[in-house]
Amino acid sequence: MAELDWLGVIRHGESTGNVAAEAAEATGAEVIDIPERDADVPLSDTGREQAAAVGRWLADLPAERRPQLIVVSPYLRARQTAALTVHNLAEQGVGIPAVADERLRDRELGIIDLLTHRGVQARLPGEAARRRRLGKFYYRPPGGEAWTDVLLRLRSLLRDLRRAHDGGRVLLIGHDAIVMLLRYLVEGLTEAELMTISRATTIANCSITSWRRAGGELVPELFNFVDHLHREGARPTRQENVGVQTG
């Protein structure tokens, strides 16, 4: 069976949407004030510093450990993260091709997009009750996606990467839900195991999660790793993502 030699995934750098969502939750607002559509939310200044730090960290890796391909969510915050990463790699004389793939886009939230927890409770109490009953894994907001829907596109992406890059090293740049759901797929987790991790962990911006091949399959290597940000002087951030598409 075809398998990658190494797979990594990075959550995009801090976005202006992350900042707005954190402020809305802190003040008890019902709606998060983000003017752009979700696909067009850019990085904050901190997010740009984080992305540059990722590029410098990758450039310092031995050539035999560096990814050979970067696959990126088409959302602006992820593309900017990739562009800054690739730019800083190039400054160190390292070239890695990057391609966008829409299967890495963030989970679509439909009717609850831009609403905080308070906003969903106040404006859509029926949806709040349905979400509590179904749970995070299976709840699909009207017009949006459940985690299981995102898994379908990630299964397709992983299958294509394994076939096209058997024995290769691939880095993905996406969103917090993508990181969690890749753990579910690559490590064969159950819903209960995934929910335990999700409740205990907030995926940090520009954190790295990775797996390496051992015994013919991918095994965990890093999870939510941010030491490279500290080393490069970039501040790690860990926003909670609620109703808004900021992941």
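This passage walks through two helices, a small group of aromatic rings and a few individual residues.

The model is a predicted one, so local features are described where pLDDT is at least 70 and side-chain atom pairs where pLDDT is 80 or more, while totals for chains, interfaces and linings use all residues. Residues are numbered from 1 along each chain as its sequence is written, and side-chain values use heavy atoms, leaving out hydrogens and water.

Helix α2 is a good place to start. Helices and strands here are DSSP runs numbered from the N terminus, with H or I over at least four residues for a helix and E over at least two for a strand. Helix α2 covers residues 45-60, which makes 16 residues. An expected span is 1.5 Å times one less than the number of residues in the helix. For α2 that gives 22 Å, and the end C-alpha atoms sit 23 Å apart, which agrees. Burial is judged from relative accessible area, with a 1.4 Å probe and protein chains only: under 20% is buried, over 50% is exposed, and anything in between is partly exposed. On that scale the buried residues of α2 are Thr46, Gly47, Gln50, Ala51, Ala52, Ala53, Val54, Gly55, Trp57, Leu58 and Ala59. Contact means heavy atoms within 4.5 Å. The buried part of α2 packs against three helices or strands listed here among others: β1 (6-11), α3 (76-91) and β4 (169-174). Its further partners are β5 (208-214), β6 (217-225) and α9 (227-231).

Helix α7 (residues 176-187) comes next. With 12 residues, α7 reaches 17 Å from its first C-alpha to its last, close to the 16 Å expected. Of those 12 residues, 11 are buried, so α7 is largely enclosed by the rest of the structure. The buried residues include Asp176, Ala177, Ile178, Val179, Leu182, Leu185 and Val186. Packed against the buried residues of α7 are β1, α6, β4, α8, β5 and β6. Just after the helix, Gly188 takes a positive phi of about 65°.

One of those partners, α8 (residues 191-200), has an axis that comes within 10 Å of the α7 axis, and the two cross at roughly 145°. Axes are lines fitted to C-alpha atoms, for helices over the stretch in contact, and angles run from 0 to 180 degrees between N-to-C directions. The crossing is right-handed; a crossing gets that label if the near helix is turned clockwise from the far one by less than a right angle, and is left-handed if anticlockwise. On the α7 side, Met180, Leu181, Arg183 and Tyr184 meet Glu191, Leu194, Ile197 and Ser198 of α8.

Two of these α7 residues also deal with aromatic rings. Arg183 lies over the face of Phe223, 4.4 Å from the ring centre. A charge sits over a ring if NZ of Lys or CZ of Arg is within 6 Å of the ring centre and within 35 degrees of the ring normal. As for Tyr184, it belongs to one aromatic cluster with Phe137 and Tyr138.

The structure holds 3 aromatic pairs. Rings of Phe, Tyr and Trp (its six-membered ring) pair if their centres lie within 6.5 Å; planes under 30 degrees apart count as stacked, over 60 as edge-to-face, and the rest as tilted. Phe137 and Tyr138 make an edge-to-face pair, at 4.9 Å centre to centre with 85° between the planes. Phe137 is buried at 2% relative accessibility, whereas Tyr138 is partly exposed at 45%. Phe137 also pairs with Tyr184: the centres are 5.3 Å apart and the planes lie at 50°, so this pair is tilted. The pair links distant parts of the chain, 47 residues apart, with Phe137 in the loop between α5 (125-134) and α6 (147-164) and Tyr184 in α7. Both Phe137 and Tyr184 are buried.

A few single residues round things off. Leu114, in the loop between β3 (98-100) and α4 (117-123), has a phi near 75°, a positive value in a residue other than glycine. Leu114 is partly exposed, at 25% relative accessibility. Asn224 in strand β6 likewise has a positive phi, near 55°, but is buried at 10%. Leu152 lies in helix α6 and is exposed, with a relative accessible area of 57%.
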